[in-house]
Amino acid sequence: MTNIYKDKLEHNDKVYIARSSKHRWGVFINSDVEQYELLSETPVVRLTEKEIDNNTIELYTYAFNDGDPFVPLGIAAMYNHDESPNVGYIIDDANEIIRSYALTDLKSGTELFIHYGDDCSEGFI
């Protein structure tokens, strides 16, 4: 039987955090990246609904497929929003991680963006 649980998370050395002209800090690449190339696997902190009692923390949460909220850690917490994202992500419920990947071929120096969702308010990015 195959074990679905990971013992080690992957991180692409091409990915780094730096100052963003979009919003404070952002995620960038220092070498070209190919479409669907893995960018990172980052852990998350699972929360309960009781722990989310005001709108501020809700702005920084995602939801597992079962609806349970979580806060991403590491690189996953640093992506800025764009209506036309160049990064996609998969939520891996079993390992409690976010796996991010390039949606298109990307050139070195490009800032990486995800789409926060249709309810995203530009005032909070």
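This report walks through a predicted model of a protein, from its overall layout down to a few single residues.

**The big picture**

Let's start with the whole chain. The protein has 125 residues, and 34% of them count as buried. It contains one helix and nine strands. Reading from the N terminus, the elements come in the order β-β-β-α-β-β-β-β-β-β, which puts the helix right after the third strand.

How much of the contact pattern links distant parts of the chain? Take the contacts between residues at least 6 apart in sequence: 66% of these join residues at least 24 apart. As for the outside, the accessible surface comes to about 7,700 Å², and carbon and sulfur atoms account for 49% of that.

**How the strands pair up**

Strands of a sheet pair through backbone hydrogen bonds, either parallel or antiparallel. Here, four strands make an open sheet in the order E1-E2-E9-E6, and the pairing is mixed. E1 and E6 are the edge strands with a single partner each, so one side of each has no neighbour in the sheet.

Within that sheet, E2 and E9 run antiparallel and are joined over two bridges. One residue pair to look for is Phe28 and its bridge partner in E9, Glu111.

E3 is worth following too. It pairs with E8 in the antiparallel sense over five bridges, with Glu41 standing opposite Arg99 of E8. E3 is also antiparallel to E5, and three bridges join those two. On that side, Arg46 has Phe70 in E5 as its bridge partner.

**Charged pairs**

Side chains of opposite charge can pair when their charged atoms come close. This model has seven salt bridges by the rule used here. Three of them are set out below.

| Salt bridge | Closest N to O distance |
|---|---|
| Glu41 and Lys6 | 3.3 Å |
| Asp82 and Lys22 | 3.6 Å |
| Arg99 and Glu41 | 2.7 Å |

What does the salt bridge between Glu41 and Lys6 tie together? Glu41 sits in strand E3 (residues 38–46), while Lys6 belongs to the segment before strand E1 (15–19), so the pair connects parts that are 35 residues apart in sequence. The two ends sit in rather unlike surroundings: Glu41 counts as buried because its relative accessibility is 7%, whereas Lys6 is partly exposed, at 32%.

Now for Asp82, which forms its salt bridge with Lys22. Asp82 is in the loop between strand E6 (80–81) and strand E7 (87–92), and Lys22 is in the loop between E1 and strand E2 (25–29), so this pair ties together parts 60 residues apart in sequence. Asp82 is partly exposed, with a relative accessible area of 21%. Lys22 is partly exposed as well, at 36%.

Glu41 comes up again in the bridge with Arg99. Arg99 lies in strand E8 (residues 97–102) and Glu41 in strand E3, so that link spans 58 residues of sequence. These charges are part of something wider: Lys6, Glu41, Asp92 and Arg99 are linked in a network of salt bridges.

**The nonpolar core**

In soluble globular proteins, nonpolar side chains tend to be buried together. The largest nonpolar core in this model has 19 residues, and the members touching the most others are Leu39, Phe70, Tyr79 and Leu112. Two or more core residues come from each of E2, E3, E7, E8 and strand E9 (111–114). Phe70 is a familiar name by now, being the E5 residue that partners Arg46.

**Two loop residues to compare**

Is Ser20 buried or exposed? Ser20 is in the loop between E1 and E2, yet it is buried, since its relative accessible area is 12% and the cut-off for buried is under 20%. Leaving aside residues up to four places away in sequence, Ser20 touches Trp25, Gly26, Phe28, Asn80 and Glu111. Phe28 and Glu111 are the bridge partners from E2 and E9 mentioned earlier.

Asn65 sits in another loop, between strand E4 (62–63) and strand E5 (69–72). Its relative accessibility is 64%, so Asn65 counts as exposed. With the same sequence neighbours set aside, Asn65 touches Ile91 and Asp93. Asn65 and Ile91 are 26 residues apart along the chain, and their C-alpha atoms are separated by 7.6 Å.

Note on methods: Residues numbered from 1 in each chain as written. Predicted model: local features only at pLDDT ≥ 70, side-chain atom pairs only at ≥ 80, totals over all residues. Heavy atoms only, no water. Buried < 20%, exposed > 50% of the residue type's maximum accessible area, 1.4 Å probe, protein only. Contact = heavy atoms within 4.5 Å. Salt bridge = Lys/Arg side-chain N within 4 Å of Asp/Glu carboxyl O. Core = buried A, V, L, I, M, F, W, Y, C linked by side-chain atoms within 4.5 Å. Pairing = 2+ DSSP bridges. Areas by Shrake-Rupley, 256 points an atom, 1.4 Å probe, with all protein chains shown as cover.
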